[in-house]
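Colleague: Got a minute to go through the labels on this one with me? I'd like to hear the reasoning behind each of them.

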2 protein chains.
Amino acid sequence: MFELQAIGMVESALTDPDSAPKQGDEGAPDAWIVFDPAVAGALEGLNAGDEVLVLTWLHLARRDVLRVHPRDDSSRPEQGVLSTRSPHRPNPIGLHRVEVVAVGDDRLQVRNLEAIDRTPVVDLKPVLG
Amino acid sequence: MFELQAIGMVESALTDPDSAPKQGDEGAPDAWIVFDPAVAGALEGLNAGDEVLVLTWLHLARRDVLRVHPRDDSSRPEQGVLSTRSPHRPNPIGLHRVEVVAVGDDRLQVRNLEAIDRTPVVDLKPVLG
């Protein structure tokens with residue numbers, strides 16, 4: 001068992017998981033990621049225009065689901081959650097590719113983030129070449 | 001605080017983190033990911049040839065490091081860990097893009113995984129179109 005700590009939080013106009021886009025490029029809005037002041041120094045080197053991967057903790061997801069209909073489409077046969085991007089999975093870590101729009105001391109504005117308001121953020125990584 | 005559980009483990013010929021490649025496309029070997037039997041059903045739908053993202057828990061990493069020299073190269077100025085792929089970061093989650101080579105009941109053989117032997121695996125996601 002490993003202990004994950006929130007390093008920040010999503011601030012977004014999206015509040016309802018059922019109406020949120022399933023992926024960022026399906027109409028998700030711009031949002032802010034507000035970081036814990038304790039980790040603000042770890043942001044140095046990030047700039048507007050960078051493509052980054054945001055890792056979130058999908059706090060509303062179920063962890064006991066092993067099979068789902070892809071994209072909640074019951075006409076598609078069930079398959080194992082690890083072969084899908086379902087939020088429901090043993091460790092509900094969300095992975096979101098976004099573009100940094102603006103950088104503040106303890107926050108980033110990002111484009112097309114489908115995570116809902118108050119989703120905890122656990123990591124951020126640059127997209128590699 | 002969130003509790004992450006290992007759902008599997010890397011089996012690899014790589015045992016020394018200092019000599020392991022920094023990225024999978026820098027000479028990493030094929031490896032196996034052996035899953036907990038409790039989650040084996042979640043693998044259904046994965047096939048040889050699929051590109052997947054493996055999320056690991058980098059159990060040897062330091063969590064109290066906020067700034068590093070990129071790629072351990074002391075000639076490069078320090079920058080915030082969240083703008084790098086350093087394993088040392090507040091939540092040391094590794095993200096590895098690999099190709100599935102073979103699928104067994106409770107295991108996957110994958111190409112070019114730079115994680116060392118016995119690294120815990122916490123999630124697996126398909127690469128999106």
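**Labels and their reasons**

Modeller: Sure. Q79(B) is partly exposed, at a relative accessible area of 22%, and bear in mind that this is a predicted model.

Colleague: Why is Q79(B) called partly exposed?

Modeller: Buried means under 20% and exposed means over 50%. Q79(B) has 22%, so partly exposed is the label.

Colleague: And where does Q79(B) sit?

Modeller: In strand β6 of chain B, residues 79-80. Leaving aside neighbours within four places in sequence, its contacts include E44(A) from chain A, along with L66(B) and T84(B).

Colleague: What makes the pair Q79(B) and S83(B) a polar contact?

Modeller: Their side chains come to 2.9 Å. The cut-off is an N or O pair within 3.5 Å, with one atom able to donate a hydrogen and the other to accept it, so the pair counts.

Colleague: Over in chain A, how do you know that strand β9 is mostly covered?

Modeller: 7 of its 7 residues, 120-126, are buried. Buried means under 20% relative accessible area.

Colleague: What makes β2(A) and β9(A) a pair?

Modeller: Pairing takes at least two bridges. There are 2 bridges between β2(A) and β9(A), so they pair, and they run antiparallel. One of the bridges puts M9(A) opposite P120(A).

Colleague: And how many bridges link β4(A) to β9(A)?

Modeller: 5, again in the antiparallel sense. L55(A) has D123(A) as its bridge partner there.

Definitions and conventions
Residues numbered from 1 in each chain as written. Chains lettered and ligands numbered in written order. Predicted model: local features only at pLDDT ≥ 70, side-chain atom pairs only at ≥ 80, totals over all residues. Heavy atoms only, no water. Helix = DSSP H or I, 4+ residues; strand = E, 2+ residues; numbered from the N terminus. Buried < 20%, exposed > 50% of the residue type's maximum accessible area, 1.4 Å probe, protein only. Contact = heavy atoms within 4.5 Å.
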